[in-house]
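Visitor: Could you walk me through this fold, one question at a time?

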Amino acid sequence: MDNTTANSSPPFHVVPYRPDGGSGQRGLLLTWGITILSGLALGAAVGFISRWLYVAGLFPLAIGGIAGLLGMLSLTTAKVRAPLLAGTIGFVSGCLAIGVVHTFQYQRFLHRLSEQPQLLAQWEADGDGFLQFIDLQAQRGVEIIEHADTMKLGYYQSYIYWLVDLLLAAGFAAYLMWNQARAPFCTVCQDWKETYLLAKLRLARGRAKYAVTTGQLALLRDQVAPPAGNKLLLKVSACSRCGPDCTIVVLLQEVSEDGWGGFAGKRVCQAIYPSQAMDVLNQLTAEKPEPIQG
Ligand SMILES: [Zn+2]
């Protein structure tokens, strides 16, 4: 294809990107198994450590992060492309982990009670159990340490605090797994597509989005290389094994500072193109694309 072809080519037929939602039964079982087991193991580890140290917010996030990463790894291996299901598995795993942390604390409470047989007999005679233990803790008020000061939470505040912990762990694991399951997949050879950074664009966000969603890639010509401040990335996911036999996925991403000193990419739009679009995309930049994670 010569250089003038891209300018004169008609718009490509594009379809908004959606994950194909597929997953084998064995793969799904593997993902459930690994994610749930890692949630239980993490809950046990944090439950054990919580005897000496428990950092609110940070520990639940660590639980959610590690369970989510292991879940991502298992769903990538198992080729699960059902985001809602993957997110649900992550959420359940995070909830179980926090449940195990509380169970460890309950066991320690029972152990302390056993040192005073009268109190233990009373506890058992009342038919009290795990839920009564949680409520008792709320009545006493959870103590949190802030700037070396101990702060005691009220009854409802304690429940809200536990709920936030639960949502941090479960939500983080769910997000990581949901996002990973949305990755482009080649249904021809049944493997994940590879994602490349193709170019940085100097177009306005709206104009670039219009070009990608309407199949008019020629509008992106001469728009490669960004001015300072504009961080619009054009990425493409393709299958190196099947080449022209399968579709490609074009992603427009806007990168901004995430407030932690790093950068976060936000999806602007993502569309499925016929493989012929690769020629036009390759003409946009002389640079050889480097494989990236994604
Ligand atoms: Zn393929």
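What follows is a short conversation about helix packing, cores and a few single residues.

Guide: A word on ground rules: residues are numbered from 1 along each chain as its sequence is written. This is a predicted model, where local features need pLDDT of at least 70, side-chain atom pairs count only at pLDDT 80 or more, and totals for chains, interfaces and linings use all residues.

Visitor: How many helices and strands does the protein chain have?

Guide: Helices (H or I, at least four residues) and strands (E, at least two) are DSSP runs, numbered from the N terminus. On that basis the protein chain has nine helices and ten strands.

Visitor: Are α4 and α7 roughly parallel or antiparallel to each other?

Guide: Axes are lines fitted to C-alpha atoms, for helices over the stretch in contact, and angles run from 0 to 180 degrees between N-to-C directions. Helix α4 (residues 83–114) packs on helix α7 (residues 155–181) at about 155°, with axes 7 Å apart. Angles under 35 degrees count as roughly parallel, over 145 as roughly antiparallel, 65 to 115 as roughly perpendicular and the rest as oblique. α4 and α7 are therefore roughly antiparallel.

Visitor: How many residues in the contact of α4 with α7 are nonpolar?

Guide: Two residues are in contact if their C-beta atoms, placed from the backbone, lie within 7 Å. Here the α4 side includes A86, G90 and G94, and the α7 side includes A169, A173 and M177. Ala, Val, Leu, Ile, Met, Phe, Trp, Tyr, Cys and Pro count as nonpolar, Asp, Glu, Lys and Arg as charged, and the others, Gly among them, as polar. The contact has five polar residues and one charged, and the nonpolar ones number 17.

Visitor: And α2 with α4, what is the angle there?

Guide: This contact has 15 nonpolar residues, twelve polar and no charged. α2 and α4 are roughly parallel, because angles under 35 degrees count that way. Their axes lie 7 Å apart, and the angle is about 30°.

Visitor: Which element gives the most to the largest nonpolar core?

Guide: A nonpolar core is a set of buried Ala, Val, Leu, Ile, Met, Phe, Trp, Tyr and Cys residues joined through C-beta atoms within 7 Å. A residue is buried if 20 or more other C-beta atoms lie within 10 Å of its own, exposed if 12 or fewer, and partly exposed in between. The largest core has 33 residues, and I63, A86, A97, A169, A173 and M177 are those with the most contacts inside it. α2 (25–49), α3 (58–78), α4 and α7 each give two or more residues, and the most, twelve, come from α7.

Visitor: How many residues are in the second, separate core?

Guide: That core includes F185, L203, C239 and V280. Its residue count is 27.

Visitor: Is K79 buried, exposed or partly exposed?

Guide: K79 sits in the loop between α3 and α4, and has a positive phi of about 60° although it is not a glycine. With 18 other C-beta atoms within 10 Å, K79 is partly exposed.

Visitor: What about Q190, buried or exposed?

Guide: Q190 also has a positive phi of about 60° without being a glycine, in the loop between β4 (185–186) and β5 (191–192). With 10 other C-beta atoms within 10 Å, Q190 is exposed.
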